[in-house]
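Open the model in your viewer and keep the selection panel at hand. The stops below go from pockets to strands to single residues.

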Amino acid sequence: MKKIAIFPGSFDPFTKGHEDIVLRGLKLFDEIIIGIGYNSKKHRHFEIGNMIQHMEATFADYPNISILTYNELTAELAIKHQARYLLRGLRNTTDFEYENSISQVNRHINKDIETVFLITSPQFAAISSSIIREVHKYGGNVADFLPYKL
Ligand code: ADP
């Protein structure tokens, strides 16, 4: 049976830290689906269509990585795509507190889904989408943090 994982997130924007988790995840899974949680009523800083294009370009050489948007429970999305794993990244104890409860809830919703956590690579530990949004908002250069050119 193929090992399929969903990598869920907001990806506003998708960063080098996210890219690292996906590429390392490929050592564990046959296929990774990057699920962008998207609600058209919620404001994004980086427009969704552009972000999808950047992400598709980033992984153009990887036929086993796909990108989609969703607006439903992550566990439901996983069932739809025969994915038994959720992939998440951990940078620090704040991430851990949040991820701990979210993974318990996901397993409660579907006991066959396991969340797999990869610890951030140290060179990407300080990268966060929210800080990048803030820097970008005020005209700062964020190119070093992104795996594609804006
Ligand atoms: P969410 O809004 O669900 O937290 P994000 O897009 O911020 O989504 O992040 C998606 C996942 O990537 C989360 O598991 C988050 O902890 C992880 N992540 C974010 N930045 C990094 C990084 N620099 N290194 C490793 N993991 C990261």
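For the residue classes used on this tour, Ala, Val, Leu, Ile, Met, Phe, Trp, Tyr, Cys and Pro count as nonpolar, Asp, Glu, Lys and Arg as charged, and the others, Gly among them, as polar. The model is a predicted one.

**Stop 1: the largest pocket**

Select P8, G9, S10, R88 and E99, which lie nearest the centre of the largest pocket. The volume of this pocket is about 850 Å³, and its lining holds 36 residues. Colour the lining by class: 15 residues are nonpolar, 14 polar and seven charged.

Which elements supply at least two residues each of this lining? They are β1 (4-9), α1 (16-25), α3 (74-80), β4, α4 and α5 (129-137). Helix α4 gives the most, with eight residues.

**Stop 2: the second largest pocket**

Move the selection to S10, G37, Y38, N39 and K42, the residues nearest the centre of the second largest pocket. Here the space comes to about 310 Å³, with 14 residues in the lining. By class, the lining divides into three nonpolar, seven polar and four charged residues. S10 can stay selected from the previous stop, since S10 is among the residues nearest the centre of the largest pocket and is also listed for the second largest.

**Stop 3: two β-α-β units**

Show residues 85-90 and 114-119 as cartoon. These are strands β4 and β5, paired in the parallel sense over six bridges. To find the register, pick R88, which stands opposite F117 in β5. R88 was also selected at the largest pocket, among the residues nearest its centre. Now add residues 93-109, helix α4: together with β4 and β5 this helix makes a right-handed β-α-β unit.

Next, select residues 31-37 and 65-70. Strands β2 and β3 run parallel and are joined by six bridges. I32 is opposite I65 in β3. From β2 the chain crosses through helix α2 (residues 48-58) to β3, in a right-handed β-α-β crossover.

**Stop 4: two loop residues**

Select S40, in the loop between β2 and α2, and N110, in the loop between α4 and β5. Which of the two is buried and which exposed? N110 has a relative accessible area of 13%, so it falls under the 20% limit and is buried. S40 counts as exposed because its relative accessibility of 59% is over 50%.

Display the surroundings of N110: leaving aside neighbours within four places in sequence, this residue is in contact with A75 and I79. A distance label between the C-alpha atoms of S40 and N110 should read 26 Å; the two residues are 70 apart along the chain.

**Stop 5: backbone details**

Go to the loop between β1 and α1, where P13 is found. The peptide bond joining D12 and P13 is cis, with omega about 10°. F11 is in the loop between β1 and α1 as well. Its phi is positive, about 50°, although F11 is not a glycine. What is the relative accessible area of F11? The value is 3%, so F11 is buried.

Finish at Q82, in the loop between α3 and β4. Q82 is a residue other than glycine with a positive phi, near 55°. With a relative accessible area of 56%, Q82 is exposed.

Key:
Residues are numbered from 1 along each chain as its sequence is written. This is a predicted model: local features need pLDDT of at least 70, side-chain atom pairs count only at pLDDT 80 or more; totals for chains, interfaces and linings use all residues. Side-chain values use heavy atoms; hydrogens and water are left out. Two strands pair if DSSP finds at least two bridges between them. Helices (H or I, at least four residues) and strands (E, at least two) are DSSP runs, numbered from the N terminus. A crossover is right-handed if, with the strands pointing away from the viewer, the path from the first strand over the helix to the second runs clockwise. On a 1 Å grid over the protein atoms alone, a cavity is a set of points where a 1.4 Å probe fits but cannot get out, and a pocket is an open set with protein on both sides within 12 Å along at least five of seven lines; lining residues have an atom within 4 Å of a point. Grid points are joined across faces, edges and corners, and a volume is the space filled by probe spheres set on the points. Buried means under 20% relative accessible area, exposed over 50%, partly exposed in between (1.4 Å probe, protein chains only). Contact means heavy atoms within 4.5 Å.
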